[in-house]
Amino acid sequence: MELLLTDEQTLLRDSAATFAERRGGAAGLRALRTADAKIDRGLWREAAEAGWLAILADESAGGLGLGLTELCLVTQELGKKLIPLPVGAVAATAAAIGDADTVTRIVAGDRIVLPALAEGPRMLGDEAPGTAASPDTTLSGSKHGVPYAGDANGFLVSASAGGSALLYLVDTADISIETAPTMDGAVAGRLVFDGTAARPACGPNEAPAALARLLDAMHLAAAAELLGIMEGAHAIALDYLKVREQFGKPIGAFQALQHRAVDSLAAIEMCRSLIYQAASAIDARGSTPGLASAAMSLAARNAMTVTKTAIQMHGGIGFTDEHDIGLYLKRAMTLTATYGNAGLHRKRYAESAA
């Protein structure tokens, strides 16, 4: 699929590609394994200065007021070069918060606020929250699988109040966080609330629509990042097919490997088409959970297939930790575990279609 982009979208994509080429790569992802902080604040500041955190936020709060297509263009380029920053999740969070001062600090890069919606490993965050908000605006319960939880300044939490799912802002200092390492070297956290002070992120009437938009943006941004991961892994595999020789000629000359490469390219292009059609449709018509989950389901499935194929094309060296190609699979596994695998999103798509 050839995307028909405006001049502004092309500039945005190209700036993200330049940034990713300059600051990305396997070395940065490897460094996460021993780093105390999983978010490089210098890199985060550069992302904020580029305007990526402000893409979806309202212009009155310092945002750009753009759409999901623009956000996906950025996260796709970040995925291609394995840059481990939660740009999509934070940009989506900024758009869901009604307090202009908080949004301004988020889009400026001064404060990292991450969404905390899921309460179990097989949940996507759109279920009725088990976390409860009391009349005095304190929270009780827990949230599961929050990426980079130890580096956040606060969280956007969904909780039940008066029979409805509302959104609350919680400071990191007020909660207990249990972290565990992820496949790509970062961490995921479990947040525990026990009479934790919170404040409404938006009005009760706006919360359902804000939560729906937040989920759409999170899932589509993650799908676009998986698309970039597929593209990066496929490009490395193609380069290897051209230089690795067997029986006196490059292994890319063998028809079996050519067929595998074409299958990977077809999988990538199908994802690209669905992701950007979904982004365009949601930007035009508003929240459409089925489209976001359809895109994420296909991206989650195809990312695993394409990255595994890229490893297999490298032969034995592809299975070693020293080779960069395995990092693409690990990053894909982490994203699908964080934002929902193919099966979960197929189920969500089927339910919305019914």
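This is a short selection-by-selection tour of a predicted model, going from strands to core to helices to a few single residues.

**Stop 1: the strands**

Start by selecting strand E7, residues 187-197, together with strand E3, residues 138-147. The two run antiparallel, and 8 bridges hold the pairing. For a landmark, pick Val-146 and look across to Gly-189 in E7, which stands opposite.

Now add strand E6, residues 176-181. E6 pairs with E7 as well, again in the antiparallel sense, this time over 6 bridges. Ser-176 is a handy marker here: the residue opposite is Val-192 in E7. Then follow the chain round the hairpin of E6 and E7, where 5 residues sit between the strands. Stop at Gly-185 in that hairpin and check the backbone: phi is positive, near 100°.

**Stop 2: the core**

Next, show the side chains of Trp-52, Val-87, Leu-139, Phe-155, Leu-156, Leu-220 and Ile-275. Within the largest nonpolar core, which has 115 residues, these touch the most other members. Which helix gives this core its largest share? Select H7, residues 207-243: 20 core residues come from that helix.

Before moving on, zoom in on Leu-139. Skipping residues up to four places away in sequence, Leu-139 touches a long list that includes Val-157, Tyr-168, Val-170 and Phe-193. Asp-194, Gly-195 and Thr-196 are also among the residues Leu-139 touches.

**Stop 3: H5 against H7**

Keep H7 on screen and add helix H5, residues 87-96. The axes of H5 and H7 come within 9 Å and cross at roughly 165°. That angle is over 145 degrees, so H5 counts as roughly antiparallel to H7. The crossing itself is right-handed.

To see the contact, colour Gly-88, Ala-92, Thr-93 and Ala-96 on the H5 side. On the H7 side they meet Ala-210, Leu-214, Ala-217, Met-218 and Ala-221.

Is H5 largely enclosed or open? Of its 10 residues, 9 are buried, so the rest of the structure largely encloses H5. Val-87, Val-90 and Ala-94 are among the buried ones.

**Stop 4: H8 against H9**

Swap to helix H8, residues 255-285, and helix H9, residues 289-313. Their axes lie 9 Å apart and the packing angle is about 160°, so H8 and H9 are roughly antiparallel to each other. Check the handedness while you are there: H8 passes H9 in a left-handed crossing.

**Stop 5: two threonines in H10**

Select helix H10, residues 325-339, and find Thr-336 in it. Thr-336 is buried, at 10% relative accessible area. Leaving out neighbours within four places in sequence, Thr-336 contacts Leu-226, Ala-300 and Asn-341.

Thr-334 is in H10 too. Thr-334 is buried, with a relative accessible area of 8%. With residues up to four places away set aside, Thr-334 touches Thr-182, Met-183 and Asp-184.

**Stop 6: positive phi without glycine**

Finish with two backbone oddities. Leu-82 has a positive phi of about 60° although it is not a glycine. You will find Leu-82 in the loop between helix H4 and H5, buried at 1% relative accessibility.

Then jump to Thr-137, another non-glycine with a positive phi, near 60°. Thr-137 sits in the loop between strand E2 and E3. Is Thr-137 buried or partly exposed? At 22% relative accessibility, Thr-137 counts as partly exposed, because buried means under 20%.

Conventions:
Residues are numbered from 1 along each chain as its sequence is written. This is a predicted model: local features need pLDDT of at least 70, side-chain atom pairs count only at pLDDT 80 or more; totals for chains, interfaces and linings use all residues. Side-chain values use heavy atoms; hydrogens and water are left out. Two strands pair if DSSP finds at least two bridges between them. Helices (H or I, at least four residues) and strands (E, at least two) are DSSP runs, numbered from the N terminus. A nonpolar core is a set of buried Ala, Val, Leu, Ile, Met, Phe, Trp, Tyr and Cys residues joined through side-chain atoms within 4.5 Å. Buried means under 20% relative accessible area, exposed over 50%, partly exposed in between (1.4 Å probe, protein chains only). Contact means heavy atoms within 4.5 Å. Axes are lines fitted to C-alpha atoms, for helices over the stretch in contact, and angles run from 0 to 180 degrees between N-to-C directions. Angles under 35 degrees count as roughly parallel, over 145 as roughly antiparallel, 65 to 115 as roughly perpendicular and the rest as oblique. A crossing is left-handed if the near helix is turned anticlockwise from the far one by less than a right angle, and right-handed if clockwise.
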